[in-house]
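The following exercises ask the reader to work from a structure to reasoned statements about burial, contacts, pockets and charged pairs. Each task sentence is followed by a solution in steps.

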Amino acid sequence: MKTVLFQNQWYSFLNQKINPITEDDYNQRMFIERIQMKKVLSLLLVFLGSMIGFIHVAFAQMQIEITGVGQSLYPIAVTRFLNESGLPAFVTDVVRSDLTNNGNFANVERGETEVAENAKPDLTMWGARRAQALAIGTITPLPNGQYEVKYRLYDVVKNQSLGGTTITVDRNNFRKAGHAIADDIVQRLTGERGIFSTRLSYVVHNGNRYQLMISDSDGQNPREALSSSEPIISPSWSPDGKKVTYVSFESKKPVIYIHELATGKRIVLSNEKGNNSAPSWSPDGSKLALSLSRDNNTQVYVINADGTGLRRMSRSSAIDTEPQFSADGNSLYFTSDRGGSPQIYRMGIEGEASSAAKRVTFKHAYATSPRLSPDGKYMAYIARSGGFRLQLMELRSGEVISLTQTNYDETPTFAANGKFLLYATRVDGRPVLAAVSVDGYVKQVLRIPGSVVREPAWGPFMN
């Protein structure tokens with residue numbers, strides 16, 4: 001079956017037609033187009049898509065395959081919580097799954113006995129089972145129809161309580177409680193903030209249907225935010241986690257929208273002449289950076305989140321695209337071929353009218369897709385290094401390491417704590433999402449059987 005090729009990094013916003021290609025040819029053609037950097041303008045189908053808010057219907061669940069774990073695993077036991085049996089979902093199943101997915105914990109066999117949050121656990125017995133930490137809890141129905149979920153964490157080795165937390169949820173949100181408890185466990189045991197309560201967005205492609213999906217951080221509980229017969233690319237989360245911006249081709253050209261997830265309401269952020277591409281948010285959510293070809297060649301611009309105040313930032317005769325704000329909001333990183341091949345550059349927030357951009361990447365002959373970690377320590381990017389592979393640069397030292405061995409990596413995105421990266425790639429010939437820790441040890445493959453999934457974006461902390 002033939003599909004039309006659209007991509008978000010180099011050629012989705014340029015000025016020449018793309019011919020339809022087969023799914024089998026997709027990846028080879030994608031990188032040929034990038035390397036040659038041809039100017040393209042996509043010839044789109046008649047708009048048949050429909051735009052909706054969240055639709056709570058059954059969607060294919062994402063499957064996670066863990067392919068690498070941390071250097072040492074912390075053994076923890078999470079018992080069944082009191083009153084958990086008979087509920088529509090087990091909170092502790094979510095907690096245990098999250099800790100496994102973290103790649104740094106090993107779940108100790110716990111049996112099916114329910115243990116209350118205020119119980120006095122036999123820590124010696126759990127130590128004999130080789131657990132170093134223990135989590136117990138109680139779920140209590142409230143008069144208003146909600147549920148109070150309380151848990152307590154113990155250090156088995158030191159024989160002491162580490163505290164706990166309480167979460168109130170309705171009957172449909174036990175997964176939310178599980179994610180919150182797993183986050184609290186990670187925080188108390190490692191000192192790092194957990195990311196299980198964050199969300200993902202990604203695009204699923206089946207036949208002529210494109211769906212922008214929003215899911216939990218583990219790919220479960222997927223909800224459809226947008227459905228269209230035309231491609232949807234470049235999703236990017238607002239810093240408050242309430243909106244997603246993306247590029248949609250529903251108007252027979254790329255147009256940038258801001259989509260309010262709770263209501264489905266959206267506004268057109270940019271519909272300039274030519275192509276509108278690669279939107280990304282400033283850290284304070286007041287502005288977005290984007291790439292436009294309104295002045296013939298594609299350049300970097302900044303615009304207010306309400307669509308006003310458009311300002312050109314880059315000043316070159318080359319292709320300047322994929323802008324990303326630095327963590328402090330004082331710089332913009334972007335991809336440019338001004339030196340002959342794609343490389344990553346940085347300019348001040350005043351743009352090149354104030355001072356020229358400086359090149360950042362030097363290790364590889366081809367480097368694209370800069371993404372900055374929320375803590376400002378790292379920059380991820382895609383380099384041609386054997387294949388097209390995910391790289392990680394420590395910004396302070398400039399040191400670069402390769403995080404993957406796959407050949408078709410694209411569109412990396414950092415987790416909110418800066419410790420993991422999600423990206424699109426191909427495994428066994430099929431497009432999938434994959435995750436890797438910044439030290440390269442923890443690795444996962446996320447796939448939806450029978451579907452093409454790509455264009456990932458990892459959402460921020462919600463509080």
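The exercises below concern this predicted model.

**Exercise 1. Overall description**

Task: State how many helices and strands the protein has, and characterise its burial, contacts and surface.

Solution.
- Step 1. The secondary structure consists of four helices and 34 strands.
- Step 2. Of the 463 residues in the protein, 57% are buried.
- Step 3. Among contacts with a separation of 6 or more, 49% join residues 24 or more positions apart.
- Step 4. The accessible surface amounts to about 19,000 Å², and carbon and sulfur atoms hold 47% of that area.

**Exercise 2. The surroundings of Tyr 333**

Task: Determine whether Tyr 333 is buried or exposed, and identify which residues it is in contact with beyond its neighbours within four places in sequence.

Solution.
- Step 1. Tyr 333 is placed in strand β23, which spans residues 331–336.
- Step 2. The relative accessible area of Tyr 333 is 6%. Because buried means under 20%, Tyr 333 is classed as buried.
- Step 3. Outside its neighbours within four places in sequence, Tyr 333 is in contact with Glu 322, Pro 323, Gln 324, Ser 326, Ile 344, Tyr 345, Arg 346, Val 360, Pro 370, Leu 372, Met 379 and Leu 395.
- Step 4. A C-alpha distance adds to this picture: Tyr 333 and Met 347 are 14 residues apart along the chain, with 6.6 Å between their C-alpha atoms.

**Exercise 3. The surroundings of Arg 311**

Task: Carry out the corresponding analysis for Arg 311, giving its relative accessible area and its contacts.

Solution.
- Step 1. Arg 311 belongs to strand β21, residues 311–312.
- Step 2. With a relative accessible area of 35%, Arg 311 is partly exposed, because that class lies between the limits of 20% and 50%.
- Step 3. Leaving aside neighbours within four places in sequence, the contacts of Arg 311 are Tyr 301, Val 302, Ile 349 and Glu 350.
- Step 4. For one of these partners, Glu 350, the C-alpha atom is 9.7 Å from that of Arg 311, at a separation of 39 residues along the chain.

**Exercise 4. Two pockets**

Task: Describe the volume and the lining of the largest pocket and of the second largest pocket.

Solution.
- Step 1. The largest pocket holds about 970 Å³ of space. Its lining comprises 32 residues, and Asn 173, Lys 176, Ser 197, Arg 199 and Asp 216 lie nearest its centre.
- Step 2. Helix α4 (residues 174–190) makes the greatest contribution to the lining of the largest pocket, namely eight residues.
- Step 3. By class, the lining of the largest pocket contains 13 nonpolar, ten polar and nine charged residues.
- Step 4. The second largest pocket holds about 810 Å³. It is lined by 37 residues, with Ser 236, Trp 237, Trp 281, Gln 324 and Leu 372 nearest its centre.
- Step 5. Two or more residues of the lining of the second largest pocket come from each of β14, β18, β22, β26, β30 and β34.
- Step 6. The lining of the second largest pocket divides into 21 nonpolar, 13 polar and three charged residues.

**Exercise 5. Salt bridges**

Task: State how many salt bridges are counted, and locate the pairs formed by Arg 80, Arg 338 and Arg 454.

Solution.
- Step 1. Side chains of opposite charge can pair when their charged atoms come close. The count is 17 salt bridges.
- Step 2. Arg 80 pairs with Asp 93, with 2.9 Å between the closest N and O atoms. Arg 80 is in strand β5 and Asp 93 in helix α2, 13 residues apart.
- Step 3. Arg 80 is buried at 8% relative accessible area, whereas Asp 93 is partly exposed at 34%. A network of salt bridges links Arg 80, Asp 93, Arg 110 and Glu 112.
- Step 4. Arg 338 and Glu 352 form a salt bridge with closest N and O atoms 2.8 Å apart. Arg 338 is in the loop between β23 and β24, and Glu 352 is in the loop between β24 and β25.
- Step 5. Arg 338 is partly exposed, at 28% relative accessible area, while Glu 352 is buried, at 13%.
- Step 6. Arg 454 and Glu 410 meet in a salt bridge at 3.6 Å, N to O. Arg 454 lies in strand β34 and Glu 410 in strand β30, so the pair ties together parts 44 residues apart in sequence. Both Arg 454 and Glu 410 are buried.

Technical notes:
Residues are numbered from 1 along each chain as its sequence is written. This is a predicted model: local features need pLDDT of at least 70, side-chain atom pairs count only at pLDDT 80 or more; totals for chains, interfaces and linings use all residues. Side-chain values use heavy atoms; hydrogens and water are left out. Buried means under 20% relative accessible area, exposed over 50%, partly exposed in between (1.4 Å probe, protein chains only). Contact means heavy atoms within 4.5 Å. Accessible areas come from the Shrake-Rupley method with a 1.4 Å probe; for residues, only the protein chains shown count as cover. On a 1 Å grid over the protein atoms alone, a cavity is a set of points where a 1.4 Å probe fits but cannot get out, and a pocket is an open set with protein on both sides within 12 Å along at least five of seven lines; lining residues have an atom within 4 Å of a point. Grid points are joined across faces, edges and corners, and a volume is the space filled by probe spheres set on the points. Ala, Val, Leu, Ile, Met, Phe, Trp, Tyr, Cys and Pro count as nonpolar, Asp, Glu, Lys and Arg as charged, and the others, Gly among them, as polar. A salt bridge is a side-chain nitrogen of Lys or Arg within 4 Å of a carboxyl oxygen of Asp or Glu.
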